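Biologist: Could you take me through the aromatic rings here, slowly, as if I had just started my first year? I'd like a close look at how they pair up.

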Amino acid sequence: MWEDFIYALQSFRRNKTRTFLSLLGVIIGVASVIVITSMGSSSTKQVSDTFGTSGLDCVSISQGFMRRRRDSVTLRFDESFRTNLFDNIRGIKKVWFKNNLNATLTYGETSGSVNCSAIETGYLEMYNMELESGEFFTVTDNQAGAQKIILSHDTAQTFFPAGDAVGKKIMLVSSNVTFGFKVIGVLKEQTTGMENGAAFVPRGFYAKKIKPNPEASTVLVQAVSNEKAVELVDQITEYCTKLTGTEGSVNVMSMQSMLNQMSEITKTMSIMLSAIAAISLLVGGIGIMNIMIVTVTERKQEIGIRKALGASPADIRQQFLVESASITLIGGILGIIAGIGISLAVEYVQKQSFIINVEACIVAFVFSVFVGIFFGLNPAGRAAKLDPVIALSGE
């Protein structure tokens with residue numbers, strides 16, 4: 001077989017143009033599969049990086065928008081709802097309540113509307129948010145309804161460009177009522193995660209000064225693990241539907257389930273596009289079969305001489321199968337090199353990390369060799385069946 005491979009390489013060198021054209025379809029097919037799968041893997045990683053690792057164990061619950069039936073129950077996100085969740089659903093670590101305020105912050109001559117959230121103690125720590133300076137809310141701050149505020153990095157930069165926000169007094173206007181707040185902390189800049197609030201105040205303040213005994217606008221359920229969070233989405237949805245008698249009464253989602261769904265979509269698209277790209281491999285295989293049929297016709301006398309010297313049909317078949325497989329073997333290697341090169345070029349141009357899918361490289365390479373063997377069977381069979389007398393006559 002090794003001698004057949006060496007002879008195949010010599011044959012390729014004698015017919016450079018024909019060999020190049022045969023290789024082209026295989027190279028394009030393998031390179032396309034590698035580039036597409038690499039783009040899919042990179043997109044998945046980019047989505048994962050955008051979500052970050054914080055909050056993947058959380059499930060968000062908010063009011064749904066479906067029309068309620070007359071006999072349906074109105075769901076209230078109050079303390080009884082929190083208690084019922086713990087009592088009826090397993091795998092819950094903690095339940096957090098949050099309310100949103102349409103607020104305007106003013107400091108000196110700087111004023112602007114911000115997305116302000118009234119949160120419970122430990123909420124920011126649960127999201128793994130870190131402080132650039134200052135401190136988080138304490139249990140006492142929440143119970144007393146302290147007029148203290150924590151600003152995001154961007155908000156602090158807007159109102160306190162000198163970076164001296166902690167300890168300063170800032171005015172917050174909500175529902176046409178003005179409150180004075182002390183800045184006790186500034187968060188580090190957040191590049192990942194779903195929590196993007198501009199300012200945070202104790203929920204106790206909201207309950208005492210804005211709306212007594214408020215229902216939460218959003219409920220955050222922290223699961224015991226990321227995997228359990230995915231399960232809780234269905235369990236909470238089923239529980240709330242049963243409680244209200246209305247499907248769609250709440251919107252329930254988790255970052256982990258969203259990430260899983262997006263990963264599945266990206267994976268499915270990559271497989272579909274790879275299948276389309278693999279068609280070029282099949283087209284290249286058909287081209288190889290045509291070339292090999294021509295090669296068999298041109299080398300009839302050579303086949304006749306080998307048979308006359310004692311070569312069996314199996315030896316002749318193996319010679320041409322090795323030659324056909326060698327074309328796709330070389331094409332597969334060149335396709336992998338081209339695919340990785342194109343992927344690196346895209347990474348350089350788009351300034352983003354690119355992941356080379358090793359499994360795709362292996363599968364594309366093996367498939368290319370298989371194509372060479374499959375489409376080489378017919379020409380090799382023809383060569384093996386040639387009658388030595390007819391082959392030597394060149395007819």
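Modeller: Here is a walk through the ring pairs, followed by the charges that sit over rings.

A word on ground rules: this is a predicted model, where local features need pLDDT of at least 70, side-chain atom pairs count only at pLDDT 80 or more, and totals for chains, interfaces and linings use all residues. Residues are numbered from 1 along each chain as its sequence is written, and side-chain values use heavy atoms, with hydrogens and water left out.

Okay, rings. The structure holds nine aromatic pairs. To pair, rings of Phe, Tyr and Trp (its six-membered ring) need centres within 6.5 Å; planes under 30 degrees apart count as stacked, over 60 as edge-to-face, and the rest as tilted.

Start with Phe 179 and Phe 205. Their centres are 5.1 Å apart and their planes are at 90 degrees, an edge-to-face pair. Phe 179 lies in strand β7 (residues 177-187) and Phe 205 in helix α7 (residues 203-210), so this pair ties together parts that are 26 residues apart in sequence. Those helices (H or I, at least four residues) and strands (E, at least two) are DSSP runs, numbered from the N terminus.

How much of these two rings' residues is exposed or buried? Phe 179 is buried at 11% relative accessible area, and Phe 205 is buried too, at 0%. (Buried means under 20% relative accessible area, exposed over 50%, and partly exposed in between, using a 1.4 Å probe and protein chains only.)

Now for another pair: the rings of Phe 370 and Phe 374 have centres 6.1 Å apart and planes at 25 degrees, so they are stacked. Both residues lie in helix α12 (residues 358-385), four residues apart, which is about one turn of the helix. Phe 370 is partly exposed, with a relative accessible area of 49%, and Phe 374 is partly exposed as well, at 46%. They also have company: ring pairs link Phe 367, Phe 370, Phe 374 and Phe 375 into a cluster.

Rings can also have a charge sitting over them, meaning that NZ of Lys or CZ of Arg is within 6 Å of the ring centre and within 35 degrees of the ring normal. Arg 82 does this over the face of Phe 97, at 4.0 Å from the ring centre. Lys 94 lies over the face of Trp 96, at 4.5 Å from the ring centre.
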